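Please work through the exercises below with the model open beside you, trying each task before reading its solution.

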Amino acid sequence: MSGAGQVVGTLATETVRVTVPYACAALAGVWSEKSGVVNIALEGMLLASALAAVVAEVATGSAVVGVMAAIAVGGGIGAAHAWLVRREVDAIVSGIALNLVAMGGTRFILRALYGSSSNSPAVPGFQGIFAGSSSLLALVVDTLTNPLTLLAVALLFVTRFALTETRLGIRVRAAGEDGAAAASLGLDVPRLRLAAVSLGGCIAGVGGAALAYDQHQFQSGMSGGRGFIALAAVIVSGWRPGRAVLACAAFALLDASQIVFQGQSRVSRDLVTALPYLATLASLAVIGSRSARRTS
Amino acid sequence: MTAPRVGQEAIAVTTALAAAWVAFAVLVWLYGESPLVVARLLFDGTWGTAYGAGQVIFKATPLLCTGVAVFVGLRAGLFNIGGEGQLAIASLAVGIAGHLGFVGALPSFVAVPLLIAVAAVAGGAWALVPAMLRARFGAHEVIGTIMMNRVADSLVGALLGGGLAVAGSVRTADIAPSAHMARLDAVVPALRGSAASTAVFVALVLAVAAAWGFRRTRVGREVVLIGKNPVACEAVHIPVRRRIATALVLSGSAAGLASAGTVLGYKGYFEMGLGAGAGFGGIAVALLGRSSAVGLILAALFFGTLQQGGLAINGHVPREVMNVLEGVVILAVSLSDADVRRTFTRGVVGA
């Protein structure tokens, strides 16, 4: 294969690989925002579920059990967030506190279980069919057939379908558009929000598992702001699942290009990492008041 | 009004402290240590010695500034969670300005206030973007400040990497000796070795001035009213947007002043990550400290104790326990606030 084709192929594959955690967290954000709950706990969801995946895989030796544990922890944080908001705790306050607990708690558990403050033991995660091979084709096939990549793609379509075509999705959106009006029609708004935010948390959990399995271990603070990138994608896309994932892919392309074109100066690397956030600030000026919608 | 309010605050604070203690005990016990023994270590390492107390004051100094920052925002009905970024930018600005040639030529009583002013301006400037987005376009300040935090991270990295750092490091050059704020142990010998500095007075003055400003100045009182009901304020021709922007910028300035404790009073230079966490810690301080200067000061001391105590117990229990406690306190205060609010306003339409 030609040099240019090699580069483009690697770049595209890397982009897909990097997109998965972003996209899952963004879908979580979409579910949450659509139901009317601001969710800045995406970061903590990714972090805590990444640890859960590794702990469960270390304990059972099964990567699938690891994913299930990650989904459970992500969903649990979502449920906690929804419950706190139902108890009239400000959604921002709740999100900040949950992020703090996830940040401190994962370090605490890391040290308690593995005696290390930086990383867990290595886990295999999902090995591709061509694991170990260095050819581009093997990389492409392994990335595209990774169960978590496929699951993320499926979740995107499920989210789109559910929010537009199913009774639950439409009710969730009604709760988000105007909680009081939805309640007056007899909808149980708090319960709908609980369902939506927990469901979102489960999806974010898949992203956390993907993050951990990608590195084959848990590293302290490994979410590294990905939850906030996902939040940025949610806002830039105007809470539309397809566009949010596209925005994630665009942000991931920036990341991937840094992995592929190495040897850039530190400065340009740092400035590129700021682009998603700058894009969000710019879009705030456009969508402005819509972003000011608070939970009611 | 006053009686239930005082009662409400007491309930919220007591609940939070109780929740923090329970969370601490459970985590320490899960880790296989005795909560009482570790609590004893925590106390000995903080208030048990004069040095420990000095370290608590040192840790509490930036927290009080960022706590005031969040408090100022909350009064205006704004949530400034951009303290992290505002502090990072202010610290970098102070580190660079302190190294400028002419600062070294200034006497200390000019150089120190000058750099404190630089910190306030830089922190305020970083808050200006979300303030304008909020005032002009109605964009949620939480999203704006989160994004500015991340941009600050990148910008600080790029600037330090791009030549502002001492070659081969991630720190700025030393600030001029005349720009250092004196350590408290120069006056109180018992505090010897602790990093508490006169920056604590900056933080104390800031807390008192903020509480006073909301009670006694026209702008301050207008801001409080806007925080309660912006629509009504609009109707009586208070310049709501301008006041909101002002409040957010002042909040950023307060966060920037935390660099007095870290750069001017402690390190004497700025390095990557210096003061990180103080921005979020300020949220906990503001929520626990309620809305009085004394409350904020006590809350800053409480979290300063936890931070210093975390270092004291780190050999037995990971100090990250303290981050978890910060989160627990925030949640407990907010939950009990909401409960009390419900009890006192039951039946009131629209409450």
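The exercises that follow concern a predicted model, and each task is followed by a stepwise solution.

**Exercise 1. The side of chain A that touches chain B**

Task: Determine how many residues each chain gives to the contact, which element of chain A gives the most to it, and how the residues on that side divide by class.

Solution. Begin with the totals: the contact takes 41 residues from chain A and 39 residues from chain B. Next, look for the elements of chain A that give two or more residues to the side touching chain B, which are H4, H10, helix H12 (266–273) and helix H13 (275–287). Of the elements of chain A, H4(A) gives the most to this side, with 14 residues. Finally, sort the residues by class, which yields 25 nonpolar, 9 polar and 7 charged residues on the side of chain A that touches chain B.

**Exercise 2. Two helices of chain A, their span and burial**

Task: For H4(A), compare the end-to-end reach with the expected span and state how many of its residues are buried; then do likewise for the reach and the burial of H9(A).

Solution. Take H4(A) to start with: it has 24 residues and reaches 33 Å from its first C-alpha to its last, close to the 34 Å expected at 1.5 Å a residue. Counting burial next, 21 of the 24 residues of H4(A) are buried, and the helix is mostly covered. Just beyond the end of H4(A), Gly115(A) takes a positive phi of about 60 degrees.

Turn then to helix H9 (residues 189–215) of chain A, which has 27 residues and reaches 39 Å from its first C-alpha to its last, close to the 39 Å expected at 1.5 Å a residue. Because 23 of its 27 residues are buried, H9(A) is largely enclosed by the rest of the structure. Just after H9(A) comes His216(A), with a positive phi of about 60 degrees.

**Exercise 3. Helix packing within chain A**

Task: Describe how H1(A) packs against H10(A), giving the angle of their axes and the handedness of their crossing, and then describe the packing of H3(A) with H9(A).

Solution. The axes of helix H1 (residues 3–34) of chain A and H10(A) come within 8 Å and cross at roughly 55 degrees. That angle makes H1(A) oblique to H10(A), and H1(A) passes H10(A) in a right-handed crossing. To locate the contact, inspect the residues of H1(A), including Pro21(A), Tyr22(A) and Ala25(A), which meet residues of H10(A), including Arg226(A), Gly227(A) and Ile229(A). By class, this contact of H1(A) with H10(A) has 10 nonpolar, 2 polar and 2 charged residues.

For the second pair, H3(A) and H9(A) pack at an angle of about 145 degrees, with their axes 6 Å apart. The crossing of H3(A) and H9(A) is right-handed, and their contact has 18 nonpolar, 11 polar and 2 charged residues.

**Exercise 4. A helix pair in chain B**

Task: Are the axes of H4(B) and H7(B) roughly parallel or roughly perpendicular, and which residues make the contact?

Solution. First read the geometry: the axes of helix H4 (residues 83–97) of chain B and H7(B) come within 7 Å and cross at roughly 25 degrees. Because angles under 35 degrees count as roughly parallel, H4(B) is roughly parallel to H7(B). H4(B) passes H7(B) in a left-handed crossing. The contact is made by residues of H4(B), among them Glu84(B), Gly85(B) and Ala88(B), and residues of H7(B), among them Met148(B), Asn149(B) and Val151(B). The residues of this contact divide into 10 nonpolar, 2 polar and 1 charged.

**Exercise 5. Three loop residues**

Task: Is Glu88(A) buried or partly exposed, is Trp239(A) buried or exposed, and what is Val166(B) in contact with beyond its neighbours within four places in sequence?

Solution. Glu88(A) sits in the loop between helix H3 (63–86) and helix H4 (91–114) of chain A, and its phi is near 70 degrees, a positive value in a residue other than glycine. Because 14 other C-beta atoms lie within 10 Å, Glu88(A) is partly exposed.

Trp239(A) belongs to the loop between helix H10 (226–236) and helix H11 (241–260) of chain A, and its phi, near 65 degrees, is likewise positive in a residue other than glycine. With 23 C-beta neighbours inside 10 Å, Trp239(A) counts as buried.

In chain B, Val166(B) lies in the loop between helix H7 (141–164) and helix H8 (199–216). Leaving aside neighbours within four places in sequence, Val166(B) is in contact with Arg171(B), Thr172(B) and Ala173(B). Val166(B) counts as partly exposed, with 14 C-beta neighbours inside 10 Å.

Note on methods
Residues are numbered from 1 along each chain as its sequence is written. Chains are lettered from A and ligands numbered from 1 in the order in which they are written. This is a predicted model: local features need pLDDT of at least 70, side-chain atom pairs count only at pLDDT 80 or more; totals for chains, interfaces and linings use all residues. Helices (H or I, at least four residues) and strands (E, at least two) are DSSP runs, numbered from the N terminus. A residue is buried if 20 or more other C-beta atoms lie within 10 Å of its own, exposed if 12 or fewer, and partly exposed in between; C-beta atoms are placed from the backbone. Two residues are in contact if their C-beta atoms, placed from the backbone, lie within 7 Å. Ala, Val, Leu, Ile, Met, Phe, Trp, Tyr, Cys and Pro count as nonpolar, Asp, Glu, Lys and Arg as charged, and the others, Gly among them, as polar. The expected span of a helix is 1.5 Å times one less than its number of residues. Axes are lines fitted to C-alpha atoms, for helices over the stretch in contact, and angles run from 0 to 180 degrees between N-to-C directions. Angles under 35 degrees count as roughly parallel, over 145 as roughly antiparallel, 65 to 115 as roughly perpendicular and the rest as oblique. A crossing is left-handed if the near helix is turned anticlockwise from the far one by less than a right angle, and right-handed if clockwise.
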